[in-house]
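Trainee: Could we walk through this one together? I'd like to learn how to read a helix and a binding site.

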Amino acid sequence: MLTLLKLLKDGHFHSGQALGAQLGISRSAVWKQLQRLEADSNLSIHKVRGRGYQLAFPLDLLDEAGFSNSCYPVHLHEIVDSTNAEAFRQINKGHSAPYVIVAEQQNAGRGRRGRNWESPFAQNVYYSLVLRVDGGLRQLEALSLVVGLAVLNTLKDFGLQAVGLKWPNDVLVGDKKIAGILLELVGDPADVCHVVIGIGINVNMRTATGVGQPWTSMSLETGMRVERNEVINALNKRLKNYLNAHAVTGFSSFHAEWEKNHVWQGRDVSLMAGLHQVDGVVVGVDQQGALRLCVNGELRTYSGGELSLRLRDDS
Ligand code: ATP
């Protein structure tokens, strides 16, 4: 399917006969593949009698050769359920870390607590980095916050302004979400485990129906199409630098940088844990990355995967 897409990606017309000849298949086999392609990837393909087939928009596809100098080996997939799920399968098969899984599309991309992550074909970055962690809880200390800093700086590398972080793991431009981070562990964190660092970055997405909150993309912010291969290479580099430093110092050397980039530092917020709600003012984070809130004049600390922060309406 990917070979067929590569032939069509320029957005020009290609006759069924020419496509068939290049793929070594019949015209009717081309037609069947195109139907599958449309169904699987939601891409719109125009068919015009006498001219052939044309993608509604030209596509930039990820190119595995473009990752050859990357600081982590990158494995490219066409369509997966989620890159984190694919990473789990690779860990179970004994594939030796570190490595990166990227995909053109996720059919079941997810955020925290199983929430959907909108992942249309060939528009964004869907990325999971697998690391092996050997008996060092310190290496997991506030790790998702440090990953947030790496993502934030990757976006700045591409000229984005006003990028900020929202505790615990959202990356925003103004009040619009541009990237999400989902860390998952496999194994025993006190002994040997693997951590899967899942990252979704909106790159060239300009419309979306399934996102239930304000969002943006690199292309919407810069007014230009952005090369996803370059975003992945830059992300690898930023992550490697941040993770190497984090392995030596833990979170302590990132604490000030993180608070400086926290969009809701000092703001009135509500912290939601299921149906429970605590109102307070954001003081910052502690050395483990837990949220510090001033609640009725008392300093309290919160951590855990079920917590969500919202700005208070009157803030
Ligand atoms: P929090 O609980 O920290 O407030 P959240 O509500 O943003 O976070 P996450 O689990 O981090 O939840 O991310 C999933 C949510 O992100 C979805 O429920 C949806 O509202 C939004 N979302 C889904 N896809 C995208 C996307 N491609 N870009 C931006 N936002 C998205």
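Mentor: Sure, one definition to begin: the expected span of a helix is 1.5 Å times one less than its number of residues. Helices are DSSP runs of H or I with at least four residues, numbered from the N terminus. This is a predicted model, where local features need pLDDT of at least 70, side-chain atom pairs count only at pLDDT 80 or more, and totals for chains, interfaces and linings use all residues. Residues are numbered from 1 along each chain as its sequence is written, and side-chain values use heavy atoms, leaving out hydrogens and water.

Trainee: How far apart are the end C-alpha atoms of helix α5?

Mentor: Helix α5 covers residues 143-157, which makes 15 residues. At 1.5 Å a residue, the helix should therefore span 21 Å. The model agrees, with its end C-alpha atoms apart by 21 Å.

Trainee: How many of the residues of α5 are buried?

Mentor: Buried means under 20% relative accessible area, using a 1.4 Å probe and protein chains only. By that cut-off α5 is mostly covered, and the count of buried residues is 13 of 15.

Trainee: Which residue has a polar side-chain atom 2.8 Å from a nitrogen atom of the ligand?

Mentor: Let's go through some pairs of N or O atoms within 3.5 Å, which we call polar contacts with the ligand. Aspartate 170 has a polar side-chain atom 3.2 Å from a ligand oxygen atom, and for arginine 310 a side-chain N or O atom is 2.7 Å from a ligand oxygen atom. The one at 2.8 Å from a nitrogen atom is asparagine 202.

Notes
Helix = DSSP H or I, 4+ residues; strand = E, 2+ residues; numbered from the N terminus. Buried < 20%, exposed > 50% of the residue type's maximum accessible area, 1.4 Å probe, protein only. Polar contact = N/O pair within 3.5 Å; in protein donor to acceptor, adjacent residues only side chain to side chain.
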